[in-house]
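Reader: I should like to go through the terms applied to this structure and the grounds for each. Please set every value against its definition.

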Amino acid sequence: MLLKEEFPSRISELKEQLKAVADACNKLKANKRLKEFLALVLQLGNYINAGSYAGNAAGFTLSTLPKLLEIKANKPRLTFLHYVVEVAEANNKEILQFTEDMSNMKEMARISVQLLQEEVMKVTTDVKQVKSQLKEDTSGIRSQFKCKDFFKAALKCSNELQHAMNKVKACTRALAKHFCEDPKKFKPEECFQLFAEFFTVIERVRQENEEKRKEEQQQIQEQMETNKLSASGDDGGGAGSVSAGGEVALVVAGGVFMVENLKL
């Protein structure tokens with residue numbers, strides 16, 4: 001009786017989780033803004049590594065993303081990722097929208113595809129086992145099951161679960177290939193966790209860039225006020241200006257590379 005009472009909620013939960021995993025894989029693979037951002041990372045990475053063995057890369061592995069904060073510049077609190085985010089937003093104000101479009105990555109990282117597969121197999125096995133036991137029942141429990149209708153629906157549901165599981169497998173293989181990862185070693189929950197953390201870092205970097213921008217604007221304003229005071233009564237004096245742009249020197253593998261304001 002336990003199987004029949006729990007079956008509907010058990011099936012519903014599994015279907016929801018399988019659909020969520022498949023949807024998350026497809027969103028990561030298809031999100032246009034994320035593709036543009038990762039393309040910019042590659043473009044700028046090739047630029048600063050020009051002339052080295054890594055200067056003409058066709059792509060990079062997912063393990064590279066957490067390391068973008070490790071590439072330091074010659075300015076305080078500035079890393080390669082800070083610069084990428086700044087250039088990205090300068091060209092497209094909405095490009096970082098992908099962090100909100102896929103804000104459920106942390107939640108998705110809690111779902112193990114391996115455990116889902118085991119659970120789907122267990123549901124199928126339980127249905128077949130109970131059906132087999134009831135065929136040999138002599139205690140009268142069989143009549144309480146309305147066996148024909150219940151097992152017809154149960155078998156249909158277990159087949160639907162297996163179909164959904166196969167779809168998840170196909171989606172994870174496609175996602176692994178999309179990011180140039182080994183499908184045999186690829187675990188979608190680890191991928192979701194990596195992107196969840198990466199999106200959090202991007203949001204933090206964006207905020208830090210905004211704070212730095214405000215500080216620089218304040219410094220420019222203060223400098224302009226100072227220049228006006230010092231130039232008072234001097235016909236040959238100008239107001240002067242301070243530029244917050246220019247080149248940024250990025251230190252990579254012991255070398256210093258100058259990166260200009262590139263455009264996509």
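Author: Buried means under 20% relative accessible area, exposed over 50% and partly exposed in between, with a 1.4 Å probe and protein chains only. Helices are DSSP runs of H or I with at least four residues, numbered from the N terminus. The model is predicted: local features need pLDDT of at least 70 and side-chain atom pairs pLDDT 80 or more, while totals for chains, interfaces and linings use all residues. Residues are numbered from 1 along each chain as its sequence is written, and side-chain values use heavy atoms, leaving out hydrogens and water.

Reader: What makes H3 mostly covered?

Author: Nine of the 12 residues of H3 are buried. They are Phe-80, Leu-81, His-82, Tyr-83, Val-84, Val-85, Val-87, Ala-88 and Glu-89.

Reader: Why is Asn-209 called buried or exposed?

Author: Asn-209 has a relative accessible area of 2%, and the limit for buried is under 20%, so Asn-209 is buried. Asn-209 is found in helix H9 and touches His-82, Val-85 and Glu-86, not counting residues up to four places away in sequence; contact here means heavy atoms within 4.5 Å.

Reader: Which backbone atom lies 3.0 Å from a polar atom of the Asn-209 side chain?

Author: That atom is the backbone oxygen of His-82.

Reader: Why is Cys-180 called buried or exposed?

Author: Cys-180 has a relative accessible area of 59%, and exposed requires over 50%, so Cys-180 is exposed. Cys-180 is placed in the loop between helix H8 (147-178) and helix H9 (188-230).

Reader: What is notable about the phi of Cys-180?

Author: Phi of Cys-180 is near 60°, a positive value in a residue other than glycine. Most residues other than glycine have a negative phi.

Reader: How many aromatic pairs are there, and why is the pair of Phe-37 and Phe-98 called tilted?

Author: Rings of Phe, Tyr and Trp (its six-membered ring) pair if their centres lie within 6.5 Å; planes under 30 degrees apart count as stacked, over 60 as edge-to-face and the rest as tilted. The count comes to five aromatic pairs. The rings of Phe-37 and Phe-98 have centres 5.5 Å apart and planes at 55°, so this pair is tilted. Phe-37 in helix H2 (residues 32-48) and Phe-98 in helix H4 (residues 98-101) are 61 residues apart.

Reader: Why is the pair of Phe-179 and Phe-195 called tilted?

Author: The ring centres of Phe-179 and Phe-195 are 5.4 Å apart and the planes are at 40°, so the pair is tilted.

Technical notes:
Helices (H or I, at least four residues) and strands (E, at least two) are DSSP runs, numbered from the N terminus. A polar contact is a pair of N or O atoms within 3.5 Å; within protein, one must be able to donate a hydrogen and the other to accept it, and residues adjacent in sequence count only if both atoms are side-chain atoms.
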